[in-house]
Amino acid sequence: MNKIGIIGAMELEVDTLKARMSVTARTTRAGMEFFEGTLGGVPVVIVRCGIGKVNAAICVQILADLFQVTHVINTGVAGSLNAALDIGDIVISRDVIHHDMDVRVFGYPLGQVPQLDTLAFPGDETLIRLAMDSCEEANPGLHTAVGRIVSGDQFISDKEIKNRLITEFHADCTEMEGAAIAHAAYLNGLPFVIIRAISDKADDSAEMDYPAFEREAAGHCARLVEVLVKKI
Ligand code: ADE
């Protein structure tokens, strides 16, 4: 039987889904509150992990060990690295890379975790397809792309850094948890998908745009996730 772990970094990324689920148990671990129950009749565990890659990785490990989830979905917002992706649009992870992992001095490509057999963590193909199918149903007419997500412990709000991420990784958007979630899911053999809506352009306008658009963008993802869990 499937049990789906749904992670958001911030409360506004999970509050709508939590309000719509039927909760049977609440458990606190590592300062995170895990809400167990059903969403649209499907067994889920919904949790706010907090910001950044360490929180995100710890959260996945708890979902794997304590709750034995079968799938991991990360919902939230991101900064666009692709001129074709505007505020509100959605990116579904084809793959995910740590943009701040740099061991090039020992011959590893930028982003590669030493001694791991992959540079980019691939999203689960079935989850990607189902997420694409869900999007039109959840957010009719919204532009949705399957693309590369890069993550680091940095809010990107500088055009030069943005351009470097585009040149080095050919990425479509950037955020602060996806690669850690993907990495931890990969190590645990769990299928995952990262679903992010664009809240800003990751450049000098990000500081203004992010607070203005984060709730609206997060809502696009939450609607998609609610439809998606029923298709898994
Ligand atoms: N999440 C949303 N926008 C972001 C940005 N510009 N950088 C990192 N994480 C983000």
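Which strands each supply at least two residues of the shell around the ligand? In this predicted model, they are β5 (71–80), β9 (173–175) and β10 (192–200).

**View 1. The shell around the ligand.** The ligand is surrounded by 13 residues, of which Gly79, Phe155, Ile156, Glu175 and Asp200 come nearest. Among the strands, β5 gives the most to this shell, with 3 residues. Sorted by class, the shell holds 7 nonpolar, 4 polar and 2 charged residues.

**View 2. Nitrogen atoms of the ligand and their protein partners.** An N or O atom in the side chain of Asp200 is 2.6 Å from a nitrogen atom of the ligand. The backbone also takes part: an N or O atom of the Ile156 backbone lies 2.8 Å from a ligand nitrogen atom, and a backbone N or O atom of Gly79 lies 3.2 Å from a ligand nitrogen atom. On its own, the ligand has 260 Å² of accessible area, and the protein covers 96% of this area.

**View 3. The largest pocket as the site of the ligand.** The ligand sits in the largest pocket, whose volume is about 220 Å³. The strands β5, β9 and β10 each supply at least two residues of the pocket lining, and each also supplies at least two residues of the shell around the ligand.

**View 4. The lining of the largest pocket.** In total, 19 residues line the largest pocket. Val77, Phe155, Glu175, Met176 and Tyr210 are the lining residues that lie nearest its centre. Phe155 and Glu175 are also among the residues that come nearest to the ligand. By class, the lining comprises 10 nonpolar, 4 polar and 5 charged residues.

Notes: Residues are numbered from 1 along each chain as its sequence is written. This is a predicted model: local features need pLDDT of at least 70, side-chain atom pairs count only at pLDDT 80 or more; totals for chains, interfaces and linings use all residues. Side-chain values use heavy atoms; hydrogens and water are left out. A residue is near a molecule or strand if one of its heavy atoms lies within 4 Å of it. A polar contact is a pair of N or O atoms within 3.5 Å; within protein, one must be able to donate a hydrogen and the other to accept it, and residues adjacent in sequence count only if both atoms are side-chain atoms. Accessible areas come from the Shrake-Rupley method with a 1.4 Å probe; for residues, only the protein chains shown count as cover. On a 1 Å grid over the protein atoms alone, a cavity is a set of points where a 1.4 Å probe fits but cannot get out, and a pocket is an open set with protein on both sides within 12 Å along at least five of seven lines; lining residues have an atom within 4 Å of a point. A molecule sits in a cavity or pocket if more than half of its atoms lie within 2 Å of its grid points. Helices (H or I, at least four residues) and strands (E, at least two) are DSSP runs, numbered from the N terminus. Ala, Val, Leu, Ile, Met, Phe, Trp, Tyr, Cys and Pro count as nonpolar, Asp, Glu, Lys and Arg as charged, and the others, Gly among them, as polar. Grid points are joined across faces, edges and corners, and a volume is the space filled by probe spheres set on the points.
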